[in-house]
Amino acid sequence: MLIRYKKTFEKIAMGLLSFMPTEKDLKKLQQTIKEYETEEAWQLFLWKEEDIIGLLGVLFQNETNAIVIQHISVNPSHRFQGIGKKMVKALKEMYTDKEIISNENTAAFVEKCDVC
Ligand SMILES: CC(C)(COP(=O)(O)OP(=O)(O)OC[C@H]1O[C@@H](n2cnc3c(N)ncnc32)[C@H](O)[C@@H]1OP(=O)(O)O)[C@@H](O)C(=O)NCCC(=O)NCCS
């Protein structure tokens, strides 16, 4: 299930976020986590089964009523089992009144989730 980020999940969240090609640099990664912790429009979710195995980072765009998926990542040991698609589906179910869109860093995968 999709759960909300809390500071106690910081290490696991940083580990998952670091799988994003854009977050390989430690300074950039720390900056990104900080934005999720401080900016109201930036919201981080984690996918929890027995353990936390996925991350979904979004931006609420108030002007357009859209939610932009900025970061999406699954623990390498749990890939190709539908977790990424389940996370997008759960987000859509949570915010049925919003349009869920991707940005240039997540489009390749998120566009595959049109039917999620
Ligand atoms: C992208 C990612 C989240 C997918 O998670 P997952 O749980 O393995 O995905 P699912 O099992 O739900 O879906 C698998 C499908 O996604 C596709 N896929 C995996 N990574 C992809 C990528 N970077 N770009 C486009 N498609 C991708 C697979 O080819 C597969 O396609 P199919 O359904 O046609 O067979 C995971 O590979 C990951 O964490 N990658 C590193 C982080 C990253 O690059 N994020 C940005 C992706 S654009």
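This report describes the largest pocket of a predicted model and the ligand that sits there.

**The pocket**

The largest pocket has a volume of about 470 Å³. Its lining is made up of 18 residues. Closest to the pocket centre are Ile72, Val74, Arg79, Gly84 and Phe109. Three elements give two or more residues each to this lining: strand E4 (66-74), helix H3 (83-94) and helix H4 (107-110). Sorted by class, the lining holds nine nonpolar residues, seven polar ones and two charged ones.

**The ligand and its shell**

What fills the largest pocket? The ligand takes up this space. Around the ligand stand 18 residues. Val74, Phe80, Gly82, Gly84 and Lys85 are the closest of these. Strand E4 and helices H3 and H4 each supply at least two residues of the shell. By class, the shell has nine nonpolar, six polar and three charged residues.

**Polar contacts**

Which protein atoms lie opposite oxygen atoms of the ligand? The table lists contacts with Val74, Arg79 and Lys112.

| Residue | Protein atom | Ligand atom | Distance |
|---|---|---|---|
| Val74 | polar backbone atom | oxygen | 2.8 Å |
| Arg79 | side-chain N or O atom | oxygen | 3.3 Å |
| Lys112 | polar side-chain atom | oxygen | 3.4 Å |

How much of the ligand does the protein bury? Taken alone, the ligand exposes 840 Å², and the protein buries 72% of that.

**Residues that recur**

Val74 appears in several places. Val74 is among the residues closest to the pocket centre. Val74 is also among those closest to the ligand, and its backbone makes the 2.8 Å contact with a ligand oxygen. Arg79 is another residue listed close to the pocket centre, and its side chain has an N or O atom 3.3 Å from a ligand oxygen. Gly84 is named among the closest residues both for the pocket centre and for the ligand.

Methods:
Residues are numbered from 1 along each chain as its sequence is written. This is a predicted model: local features need pLDDT of at least 70, side-chain atom pairs count only at pLDDT 80 or more; totals for chains, interfaces and linings use all residues. Side-chain values use heavy atoms; hydrogens and water are left out. On a 1 Å grid over the protein atoms alone, a cavity is a set of points where a 1.4 Å probe fits but cannot get out, and a pocket is an open set with protein on both sides within 12 Å along at least five of seven lines; lining residues have an atom within 4 Å of a point. Grid points are joined across faces, edges and corners, and a volume is the space filled by probe spheres set on the points. Helices (H or I, at least four residues) and strands (E, at least two) are DSSP runs, numbered from the N terminus. Ala, Val, Leu, Ile, Met, Phe, Trp, Tyr, Cys and Pro count as nonpolar, Asp, Glu, Lys and Arg as charged, and the others, Gly among them, as polar. A residue is near a molecule or strand if one of its heavy atoms lies within 4 Å of it. A polar contact is a pair of N or O atoms within 3.5 Å; within protein, one must be able to donate a hydrogen and the other to accept it, and residues adjacent in sequence count only if both atoms are side-chain atoms. Accessible areas come from the Shrake-Rupley method with a 1.4 Å probe; for residues, only the protein chains shown count as cover. A molecule sits in a cavity or pocket if more than half of its atoms lie within 2 Å of its grid points.
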